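Reader: I am new to this structure and would like a close look at a single part of it, chain C. Could you take me through how that chain is built and what it touches?

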Amino acid sequence: MSSKESILSRIRSHTGTRYEQPEITLDAIHYEDKTGQFSESLKAAGGAAVVLQAGEDINELIRKHFPDAKRIASNLSEITCATFDPDSVADPRELNNTDLAIVEGCFGVAENGAVWITQQVKHKALYFISTGLVILINKEDLVNNMHEAYQRVEGTDYKYGFFVSGPSKTADIEQALVFGAHGPMNVLVILR
Amino acid sequence: MKIGLFIPCYINAVYPEVGVASYKLLKHLGLDVDYPLDQTCCGQPMANAGFENESLKLALRMEDLFKQYDYVVGPSASCVAFVKENHPGILEKSGHVCLNSSKIYDICEFLHDVVKPEELPSVFPHKVSIHNSCHGVRELHLSSPSEMNIPYFSKLRDLLQLVKGIEILEPKRIDECCGFGGMFAVEEPEVSVCMGHDKVKDHMSTGAEYITGADSSCLMHMQGVIEREHLPIKTIHITQILAAGL
Amino acid sequence: MSTKHSIAAARFIANRKQEAWHDETLWMVRAKRDKMSHSLPEWERLRELACDIKMYSNSHLDTLLEEFEKNAIANGAIVHWAKDAKEHNEIVEKILQQHNAHTLIKSKSMLTEECGMNEYLFSKGYDIVESDLGERILQWMHLHPSHIVMPAIHIKRQEVGEMMERVLGTEKGNSDPTYLTHAVRKNMREKFLTADVAMTGANFAVASTGEIVVCTNEGNADMGTSFPKVHIATFGMEKIVPNQEALGVFTRLLARSGTGQPITTYTSHYRKPEDGGEFHLIIVDNGRSDILAKPDHIRTLNCIRCGECMNTCPVYRRTGGYSYTYFIPGPIGINLGMLKNPEEYSDNVSACSLCLSCSNVCPVKIDLGEQIYRWRQDLDKIGKASSEKKVMSGGMKFLMERPALFNTALKFAPLVNKLPRFMIYNGLNAWGKGRELPTFAKESFNDMWKKNKIQ
């Protein structure tokens, strides 16, 4: 008998009461001002959110926030400040020493400042390897909470998708919070 | 309503004045209260040590002693909680039904939920810090457990507010365990004493002169630490405050 | 009467500074959790839903795991089933062999700890690199985790600094956490880029989509899996949830409970292999199917490994993870240890004052404290009840069942008040180790009542 069969047979013979699947109903938190809450939540997580004003140039905005970035990666056509297209490199290791990556997100979550991103770049390393990360989302694409978030994710297909809320961090040394553990040290979300 | 007064073993042996205060308080409120003679123990120490089955005879005796009463009321949240939560299971294993569990109350519960006095003659012009004992909070719901997202309430505070001159305080870690835990106190004595010490210090940081609560077991453990370390705070059971002057 | 826990605990507490720091630091995490839980009016409802989802999932493991496997295979993943730790380790080894791999980079997984995977692979000549900062520090110091979420919580910055001077050549005397963390960032970057195979655990496995979810703050799982062509993800079978709707509930509870944040920085969903790569999933039993047969303890399978029960436990905070003999400490560890091997791990059962705070914080409503009480009742049956406790309990029973004897004892008890100190406070008196004995009343309540002294 294969291990699979052996495990399944043990499960079947040991399972007692079969509990019913619950209906997930609750009064989940929602916000009057989703944008404001999203910004606040992201700030608390060490990141920043900014709304692109009418007439404002997105590339100028990015340059303003990351004046020292030299090696800038983006495969988005609207990002003219990029110095190279990350999809053009054959090996993800070549993405090392990227100062800034600018990527597309799907939507933001107000309760925790997270953005849902499905992999739309050749190498997913791009999302983690750069020192700074800029995520672009449409300003109407904000949900209140994770229940609404997963409603939007449900039924969509992807190889890899993730929620990211702010910069990479750790508190493993004496609970002292440090940004930039292995992933980006700075995260900016632009709502446009 | 006929009330049977339940006096736990260590109240009998160490703090009979708590039993006296309880009796006086209930009498003052015009209640028909009686003490069925020669009570010993509810069985909790044995059960906490892991010998629940050794409490059977004691559970049966309690059923017998209190069968003629409408309510069983005692000045110990932890003993009452034990009877309520554990006696049914212990008795059921031997084919008995537990009647006490549905009619037993800690005296604070009883006063707050059943008697609901609007005033008390007691005067106690002192600062007291409420000790929210684990079984009282998490089994008898004498106050809102700090872990849960429910609106704050405290039956002990409500009762103490009837006392004139009193100032009511609570420690920072409002319902952290004092470390008594029954057998735990002697099985892990270093941890137990460390927890007791921390709890007393927390109560002291409120500026209180007295630590008060519904459980003499916790108070006894903290009193032991207070005396060993010569700390400037006293312990007193809540019934003694509520009955002050009676 | 001393259990291994009580002996180890006494040692930990003897270092007052360490104990106070450990207690205060973990209490802060509990306080952060409270701030989060109190800011969501629907918190208790979330806990209820989480518990119900887990009770459903864990009572339908056969159908859900088969659904998961079907969907994972359709996504292009390779699914393995491991009956026990040995099989798990052998599966991992085989994958490494097949790819001529030498270095494995892995993110945190208590399951691999449970299976002793690192030791096994080291013995076979493989190089395992832990990518989580806490785990990496422990790896360099040859220590095991003392907490399941904050594994190096017991280690002071000076110790980390000194170790990194030796291992990484960092500045002498510099123990600033930011400096040290960034030194590791630089060092680890090289490891991420050169590892042959990546391994992660999984916080959740979704039956309806065949994907797994990995939650980290560091992004180490994501960095690790971004370069090697092979990703192995391993998880205990109780990690299965029915669908993504369920994730909405769990992702709102996990980080709030475990670290006091609304969400971990990264909540990563791995569904399909990289182009030209392989995605291996290992479903592990290793005793979980046995727990299914124990209705009194089945709720331990709800556990989402948030660690909050440890943060709230007054005993864990004051004694640290190393005082427990099972690799997972605290309330959940006491219970899981007893489920694994009651004879071997019974010493941990004393590490509990039955305060029930753990049951109240648990996001999936495991009745942790109540289960520990039940394990205490079982100790005698498995021959592990201490003889001193048995004698004490038997003695009390004898006394309490005889009211006349009880009353007589109470009459003589006040004599103890007058005994010379050396007779009362000595090695035999565990109570007296840090406390004065209570003073026995001259007249018991029984006595006073009989003498009509109570009006």
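Author: What follows describes chain C on its own and then its contacts with the chains beside it.

The model is a predicted one, and within it chain C carries 24 helices and 10 strands. The C-alpha trace of chain C spans about 90 × 55 × 45 Å along its principal axes, and of its 455 residues 56% count as buried. If one takes the contacts in chain C between residues at least 6 apart in sequence, 73% of them join residues that are at least 24 apart.

The domain assignment divides chain C into domain 1, made of 40-155 and 196-289, domain 2, which covers 294-378, and domain 3, which covers 402-450. Between domain 1 of chain C and domain 2 of chain C, the C-alpha centres are 22 Å apart, and the contact involves 24 residues from domain 1 and 20 residues from domain 2. On the domain 1 side, α3 (43-58), α6 (110-114) and α12 (244-258) of chain C are the elements that give two or more residues, and that side as a whole consists of nine nonpolar, nine polar and six charged residues.

Turning outward, two pairs of chains touch, and of these the pair of chains A and C has the most contacts. The contact between them draws 63 residues from chain A and 66 residues from chain C. On the chain A side, at least two residues each come from α1 (3-14), α5 (146-153), β8 (160-164) and β9 (169-170) of chain A, with α1(A) giving the largest share, nine residues. Sorted by class, the side of chain A that touches chain C holds 27 nonpolar, 22 polar and 14 charged residues. Strand pairing also links these two chains: β8(A) and strand β9 (residues 266-270) of chain C run antiparallel and are joined by five bridges, and A:Gly161 stands opposite C:His269 in β9(C).

With chain B, the contact brings together 55 residues of chain B and 61 residues of chain C. The elements of chain B that give two or more residues to this side include α1 (9-13), α2 (16-28), α10 (189-204) and α11 (216-229), and the residues of the side divide into 30 nonpolar, 13 polar and 12 charged. Chain A and chain B, by contrast, are joined by no contact, and their closest C-alpha atoms lie 14 Å apart.

Methods: Residues are numbered from 1 along each chain as its sequence is written. Chains are lettered from A and ligands numbered from 1 in the order in which they are written. This is a predicted model: local features need pLDDT of at least 70, side-chain atom pairs count only at pLDDT 80 or more; totals for chains, interfaces and linings use all residues. Helices (H or I, at least four residues) and strands (E, at least two) are DSSP runs, numbered from the N terminus. A residue is buried if 20 or more other C-beta atoms lie within 10 Å of its own, exposed if 12 or fewer, and partly exposed in between; C-beta atoms are placed from the backbone. Two residues are in contact if their C-beta atoms, placed from the backbone, lie within 7 Å. Domain bounds come from an automatic or database domain assignment. Ala, Val, Leu, Ile, Met, Phe, Trp, Tyr, Cys and Pro count as nonpolar, Asp, Glu, Lys and Arg as charged, and the others, Gly among them, as polar. Two strands pair if DSSP finds at least two bridges between them.
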